[in-house]
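Please walk through the architecture of this structure, beginning with a local feature and moving outward to the fold of a whole chain.

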Amino acid sequence: MSVAIIGVGLHPFGRFEGVSALEMGAIASRRALADAGLRWDQVQLGVGGSLGVSLPDSHGDTMADSLVGPLGLTGVPFINVANGCATAGTAISVAASAIEAGQADVVLAVGFDKHPRGHFNADPAVHGLQPWYGELGMFVTTQFFAMKINRYMHDHGISHDTLAKVAAKAFRNGTRNPNAWRRKPMSEDEILSARMLNYPLTQYMFCSPGEGAGAVVLCRAEKVRELTDRTPIHLKGNTLRTRRFGTFEVFSPSLAPTWTDAPTVDASRACYEQAGIGPSDVDVAQIQDSESGAEIIHMAENGFCEHGEQEDLIQQGATDIGGSLPLNTDGGLLANGEPIAASGMRQVHEVVVQLRGEAGERQVPNEPRVGYTQVYGAPGVAAVSILTR
Amino acid sequence: MTHHRYIDDGIMRGSPDDLRLVGGECTACDLVSFPRADGCSRCGSQDVVERELARRGTVWTWTTQGFLPKRPYTGQETTEDFTPWTIAYVELADGVRVESRVLVDQPESLHMGQEVELVSAPHRVEDDGTQVLMFAFRPTTEVAA
C-alpha cells in the first residue's frame, strides 16, 4: 500500500455530560487536522462511522456525515460507515482504498459514539433473530464473552489469575494515559473478588460502553512531503473479514459442533501477507480487549503465540510496556471503555503515537518500528491494520 | 387450572412434560441447526426442513447471568429480587449446540461434559394469568429401575 497516516486526533474517552457525539467527532477531527498541519478544505474525502444510529437509547444517533456542518460545508464527498465492532477499521479501509484507487490524495477517517450506561442492547430483529431469543435474556453480549473464555480456559489451561492480570495491566497503562477513562490502578485481588457478572468474568474484567471520538488523516505516500512536515506512519496492510461457517460468535441461538478459526485469524493472516511482515516483527499492538478473555484469545488469533502459551507470557509480564510484546499500551478498551466507532480509531492513534516516539510515560522503549491494530466483535467481523515508521 | 403457552410455538412442541425443540435440517448437507432458518449457514441451500431435536445432551460451555438483563428480556425479576441464573451451550446428540438456560440450585455448579435433559420451565405470567413457558435443560438424574 502507498498510504501514510499524517495526523491523528482524539476526544478523550469516558463520560461527558452535555457534549454530543457529533461535537466529540468534530473535536477529534480538528485535532487530527491540526496534528497533520492541514486545513479541512484540503481534505478530499471524508469517511465516518457512528454506530449509535443502530442502537436504541444510544445518544449518538447522528449520521457521521453531519460532521460537515461543524467542520465547514466545503462540498467534500463523505461516506457513512456502519459495520458493527469493525466500524472504525472499515472506515480506514474505505479511506485507504480510495487513495489506492486514485480518488483522493487526502482523506479524513473519523469515528465517534456515545452509548448509554450498562450492557450493549439492540433489537434482536436487527441481527436476524426471533423475539423469543431476547425475551429469554440471551441477547446479552457479556454472556457470549464469558462462555467463550470459559471453554477456552478449559481447553488451553488459562487461569483466573491470568484473567485478572490482563485487567490490572490495562488499568496500570490507563494511569499513564491522560485520554483514558479509568486512570486508577487496581490490584489483581480487587479484580478477582469483584462482583461476578458472568462466570468467570468479574465486573472489572469487562470494558464498559462509553463515549469518545477518534480521527485519522490519511494521505497518498508520495504526497506527504508537499503537504506536511509530519513523520509519516505507513499503512502497510489493512484487511477486513466476516465469519466463516463454524466460528463461535455472539448472538448465536445455536452453534455447529466445531471451532473454526475466527474472522480475526483470517483478517490477521491476510494482513501479514499484504504487509510482508510477520507477527515476530511487531513491536507494539492494540488488540480488542472487550474483556480480559478477549485479549488472551486474540493474542493467539493474531499470531503472537500458540493457544495456551498466553498463560506463561502474561504471568511473566511479556505484554507489559517494556515486555517483549507490549499490548494495549493506552489501557485498551478495559481502561478506555468502548464507544464502538471510536474504538478502532483510538487503537490507530496509539500505534501512531508510539511509532513516532511521542507516547510520553507509556512509551514503548527501543524505538518501535512496527505497530498492529485489531478490532473484532458483533456480528462476527474483524479488521486488522499493520503500520510502520 | 392455569392456562399456559409456550414462548414460541415455532420452536417448542409437545406437552410440557414431553417437550421437543424444533430445529432445522438441511437436506443438501445434513446440517442440524436451531431455530430452523430459511437458508443453510454451511452450504447455502434453501432446502431446510423441520427436525425435532434430541432431548439429551452435554454441557459444552456455560456461564452465569449475574445481573438483570435489560429489555428485550421479559423475565419478571426486579433488580431487588434478581438472583443469578445459569446459561450454557448444550451439545445434543444431533450434533448441534443449543444455547439455553440450565436449571441448577447453585449457579456456578455446572461442569463441562455434564449430562443434561430438556424440560419446560416457567418464564413469566401474563396479565390474564397465562403462564408463559420457556425451554431449559437440567442435569439428568439416574432413575432407579
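In this predicted model, strand 7 and strand 8 of chain B form a hairpin in which 4 residues lie between the two strands. Within the turn, Gly95(B) adopts a positive phi of about 85 degrees. Strand 7 of chain B covers residues 85–92 and pairs with strand 8 of chain B in the antiparallel sense, over 6 bridges. One position in this ladder places Glu91(B) opposite Arg97(B) of strand 8.

Strand 8 of chain B has further partners. It is joined by 2 bridges to strand 10 of chain B (residues 131–139), and these two strands run parallel. Here the bridge partner of Val102(B) is Phe137(B) in strand 10 of chain B. The pairing also extends to the other chain: strand 9 of chain A, residues 254–255, pairs with strand 8 of chain B in the antiparallel sense over 2 bridges. In this contact between chains, Ser254(A) stands opposite Val98(B).

The surroundings of strand 8 of chain B can be read residue by residue. Arg97(B), Glu99(B) and Arg101(B) point one way from the strand, whereas Val98(B), Ser100(B) and Val102(B) point the other way. Residues on both sides are buried, including the arginines and the glutamate. Because 6 of the 6 residues of strand 8 (residues 97–102) of chain B are buried, the strand is largely enclosed by the rest of the structure.

Chain A may now be considered as a whole. Its secondary structure comes to 13 helices and 12 strands. The radius of gyration of chain A is 19 Å, close to the 21 Å that the globule rule gives for 389 residues, so the chain is as compact as a globular protein of that length. Along the principal axes, the C-alpha atoms of chain A fill a box of roughly 55 × 50 × 40 Å. Of the 389 residues in chain A, 60% are buried. Among contacts in chain A between residues at least 6 apart in sequence, 77% join residues at least 24 apart.

In chain A, 9 strands form an open sheet with mixed pairing, in the order 3-2-4-7-1-8-12-11-10. Its edge strands are strand 3 (78–81) and strand 10 (284–287) of chain A, each of which pairs on one side only. Neighbouring strands of this sheet are turned by 20 degrees against each other on average, direction ignored. Within the sheet order, strand 1 is followed by strand 8. Strand 1 (residues 3–14) and strand 8 (residues 233–242) of chain A run antiparallel and are joined by 3 bridges, with Ala4(A) standing opposite His234(A) of strand 8.

Note on methods. Residues are numbered from 1 along each chain as its sequence is written. Chains are lettered from A and ligands numbered from 1 in the order in which they are written. This is a predicted model: local features need pLDDT of at least 70, side-chain atom pairs count only at pLDDT 80 or more; totals for chains, interfaces and linings use all residues. A residue is buried if 20 or more other C-beta atoms lie within 10 Å of its own, exposed if 12 or fewer, and partly exposed in between; C-beta atoms are placed from the backbone. Two strands pair if DSSP finds at least two bridges between them. The radius of gyration is taken over C-alpha atoms; the globule rule is 2.2 Å times the number of residues to the power 0.38. Two residues are in contact if their C-beta atoms, placed from the backbone, lie within 7 Å. Axes are lines fitted to C-alpha atoms, for helices over the stretch in contact, and angles run from 0 to 180 degrees between N-to-C directions.
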